[in-house]
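Reader: Hello! Could you take me on a close look at one part of this model, the place where the two chains meet? I would enjoy one connected account of it.

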2 protein chains.
Amino acid sequence: MEFLTSSETFLLDLDGTLYLSGEVLPGACEFVHRLHKSGRSFFYLTNNSSTSPSVYEKKLISLGFPVPPNTVLTSGTAAALFLTRHYAQSRIAVVGTQALRQQLSSAGLSIYTEPSHADVLLMGYDTEITYDKIRWACGIVDRGIPFFATHEDRLCPHRLGCFLPDCGAMTNLITEATGVEPTYLGKPHQAMIDLVFRYCNTVPGKITLVGDRLYTDIAMAHSAKMNSLLVLTGETKLAPSTGRYLPSGVVENLHKACAYI
Amino acid sequence: MEFLTSSETFLLDLDGTLYLSGEVLPGACEFVHRLHKSGRSFFYLTNNSSTSPSVYEKKLISLGFPVPPNTVLTSGTAAALFLTRHYAQSRIAVVGTQALRQQLSSAGLSIYTEPSHADVLLMGYDTEITYDKIRWACGIVDRGIPFFATHEDRLCPHRLGCFLPDCGAMTNLITEATGVEPTYLGKPHQAMIDLVFRYCNTVPGKITLVGDRLYTDIAMAHSAKMNSLLVLTGETKLAPSTGRYLPSGVVENLHKACAYI
């Protein structure tokens, strides 16, 4: 676990890593407080684009985590950065929550609800989705305009053992109808990596991504050549011995990782 | 085409068979008027459960088709018959349009919008779907209660070359989240066959199903041992020479079939 001791920046997944169904996982608070006290920088990283970073800030504070300003980064934040870099002058149609639309507007983007005027479509995890939104998204994509989505997770954990259709399941409705697949922006994709490097003042070898999902968290660390710590408190229940995405280290829970900070 | 001449009852698919995007297909009106004049019985058969039979009646009349009473049968009609036969005393949760809920209520069923009290879930082609409906449908299915859907078509033709996510795409959201597949009731399934035989006073060998889709129309005729006429005006563009569902006959359009009536 030498990589943990020498890392300067930590990227912390939320659900399944720090908490589950609103309950802090063993050692999670202690781990982040140790990072904070030792002077390391850290960021909270989630693919959920239905809620604004400020709501996550309040939740993390209420659960006892230290939350310095601008440390919560969502796939909505990654989408805002990506669109301001590549589509700053475009009219952006959004299938997403009011919180996501506000986040994009605050980043200076022009959000359109009138599909016939859109140059780009962004889909998020839309807990306010309606059939009218699905219909106009199909119409936009059918016109051949660029189609992006905040993340490709198809299921969102709801409570222990129960899931809800997430962003990737909703984009699937559009893909099935039009034959067009979106470009995804959240973990493990490049837009999220770009977002992280915008905030990190260090080289990938000094960054550790801590997460519970192999194909989002550990895959993103691989892509960006960062270290990765897999915790077995969420989706992954066994340390993988083979496979595409092997983590730099595995711990049962974050309590076991505290000794290395 | 001897089977056409000797058939006493005709089951007529709508979209792609009689009309497409609101335009009557060649010979379709003449074909149905010939059936009517020759004294044969006929029924209009569609899997679309978002609209009530009375709306289809008006549409068909406005397009010039003869529409005797109770000749429009939808997958919503099949669901109403199935549920009154098997779940007459149950509390039925419906993810569907107001038109579908009214159709079920008119059949004497108890429709519940409060998921915690439901004994059965029925999903239709819900052009009024919301994320709240998806959430409570997931919760109901997760509780292990019976899950039915009006039909499994994943796409609904919208206008030439464009489709919209249909009932089967929506049930897929629930199946993906819960791992539970629904029992489908529309074409080509047994509930639709049961509905047809409720109205037909003849043996399957004297019935011809006319349609444009192999895996719904022609498949249903196969299951029920009816004759089938494939028209190449809708989804199927070429007469199949091999495959699971070979029709009794194939015509380019219904104008070509008029000579046999």
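Author: Happy to! The contact takes 26 residues from chain B and 26 residues from chain A. Please keep in mind that this is a predicted model. In chain B, the residues that lose the most area to chain A are B:Tyr131, B:Leu173 and B:Glu176, which together make up 30% of what that side buries. Between them, chain B and chain A bury about 2,100 Å², with 62% of it on carbon and sulfur atoms.

Now for the way the copies are arranged. A turn of 180 degrees, with a shift of 0.0 Å along the axis, lays chain B on chain A with an RMSD of 0.0 Å. The two copies are thus related as by a two-fold rotation axis. In chain B, the C-alpha nearest that axis belongs to B:Thr130, 2.3 Å away from it. The copies meet through the same surface, because 100% of the interface residues of chain B are also interface residues in chain A.

On to the polar side of the contact. There are two salt bridges between chain B and chain A. In a salt bridge, the side chain of B:Glu176 meets that of A:Arg154 at 2.5 Å, N to O. The two chains also have eight residue pairs in polar contact, both residues at pLDDT 80 or more.

As for the elements involved, α6 (131–142), β10 (155–159), β11 (162–165) and α7 (167–178) of chain B each give two or more residues to the side that touches chain A. The largest share, six residues, comes from α7(B). By class, that side of chain B has 14 nonpolar, five polar and seven charged residues.

Methods. Residues are numbered from 1 along each chain as its sequence is written. Chains are lettered from A and ligands numbered from 1 in the order in which they are written. This is a predicted model: local features need pLDDT of at least 70, side-chain atom pairs count only at pLDDT 80 or more; totals for chains, interfaces and linings use all residues. Side-chain values use heavy atoms; hydrogens and water are left out. Copies are superposed by least squares on the C-alpha atoms of residues with pLDDT of at least 70 in both. Contact means heavy atoms within 4.5 Å. Buried area is the accessible area (1.4 Å probe) that two parts lose on being put together, summed over both. A salt bridge is a side-chain nitrogen of Lys or Arg within 4 Å of a carboxyl oxygen of Asp or Glu. A polar contact is a pair of N or O atoms within 3.5 Å; within protein, one must be able to donate a hydrogen and the other to accept it, and residues adjacent in sequence count only if both atoms are side-chain atoms. Helices (H or I, at least four residues) and strands (E, at least two) are DSSP runs, numbered from the N terminus. Ala, Val, Leu, Ile, Met, Phe, Trp, Tyr, Cys and Pro count as nonpolar, Asp, Glu, Lys and Arg as charged, and the others, Gly among them, as polar.
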